[in-house]
Amino acid sequence: MMLHGLLPHNISVFAFDFSGAGQSEGKYLSLGYYEKGDLATVVNHLRESGKVSRIGLWGHSMGASTCLLYAAGGGDAFVTSMVLDSAFSSLETIMTEVAANAKKKLAFDGLMSAVPDFFISMALTFMRKSIMTQASFDIREVHPLGKVNRVLLPAVFTHGERDEIVGAHHVDLLYENYAGDKTLLKFDGDHNSPRPD
């Protein structure tokens, strides 16, 4: 769908899978922590190819948050803009929200209604320690919201208004705190629905 709008304008598209996702090798997804290094490798490859003069990044969900983390870490002068679709503001926050939403849905079905709310906090503490041990990163370091105030690239933030995976408040916070030129586009859709042209 995105190709129909770009290719007629002689805009090349380079798509890739992050390590551990899709067709790529890798043991873990870090939802941005290691993926920003993957993105740096791709940008470096494109720059060194001599076939591109500018790069615009487009990322969805983890990809969008990764773009923000990459740009906040200095990025590359070849990267001139970003489209950030359904970015989350903090990995720890999104994990907490997903767990709370799952608990609500299970409680509605009569399951887990007796489980106290502090169980989610305990489970997240356990998961954080397990991730630090097994994947060697801290989920608290995947926090785009704490870094967007120093990103100056022009950016378009997009978000589906019915997104139940990454709530619209994430994009609102990111947009509000973003330092560069920015545009916010919300549309009728969910996390994975087709995007408007």
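Aromatic pairs number 6 across the whole structure, which is a predicted model. In one of them, the ring centres of Phe 16 and Phe 18 lie 5.1 Å apart with the planes at 80 degrees; an angle over 60 degrees counts as edge-to-face, so this pair is edge-to-face. Phe 16 is partly exposed, at a relative accessible area of 31%, whereas Phe 18 is buried, at 11%.

Phe 157 and Tyr 175 also form an edge-to-face pair. The two pairs are set out below.

| Pair | Centre to centre | Angle between planes |
|---|---|---|
| Phe 16 and Phe 18 | 5.1 Å | 80 degrees |
| Phe 157 and Tyr 175 | 5.9 Å | 85 degrees |

Phe 157 belongs to strand β3 (residues 155–160) and Tyr 175 to helix α6 (residues 168–177), so their pairing ties together parts that are 18 residues apart in sequence. On the strand side, Phe 157 is buried, with a relative accessible area of 0%. On the helix side, Tyr 175 is partly exposed, at 24%. The ring of Tyr 175 has a further partner: the charged end of Lys 182 sits over it, 4.9 Å from the ring centre.

A cluster is found elsewhere in the search, where ring pairs link Tyr 33, Tyr 34 and Phe 137. Tyr 33 also has a lysine at its ring, as Lys 36 lies over its face at 4.3 Å from the ring centre.

Note on methods: Residues are numbered from 1 along each chain as its sequence is written. This is a predicted model: local features need pLDDT of at least 70, side-chain atom pairs count only at pLDDT 80 or more; totals for chains, interfaces and linings use all residues. Side-chain values use heavy atoms; hydrogens and water are left out. Rings of Phe, Tyr and Trp (its six-membered ring) pair if their centres lie within 6.5 Å; planes under 30 degrees apart count as stacked, over 60 as edge-to-face and the rest as tilted. Buried means under 20% relative accessible area, exposed over 50%, partly exposed in between (1.4 Å probe, protein chains only). Helices (H or I, at least four residues) and strands (E, at least two) are DSSP runs, numbered from the N terminus. A charge sits over a ring if NZ of Lys or CZ of Arg is within 6 Å of the ring centre and within 35 degrees of the ring normal.
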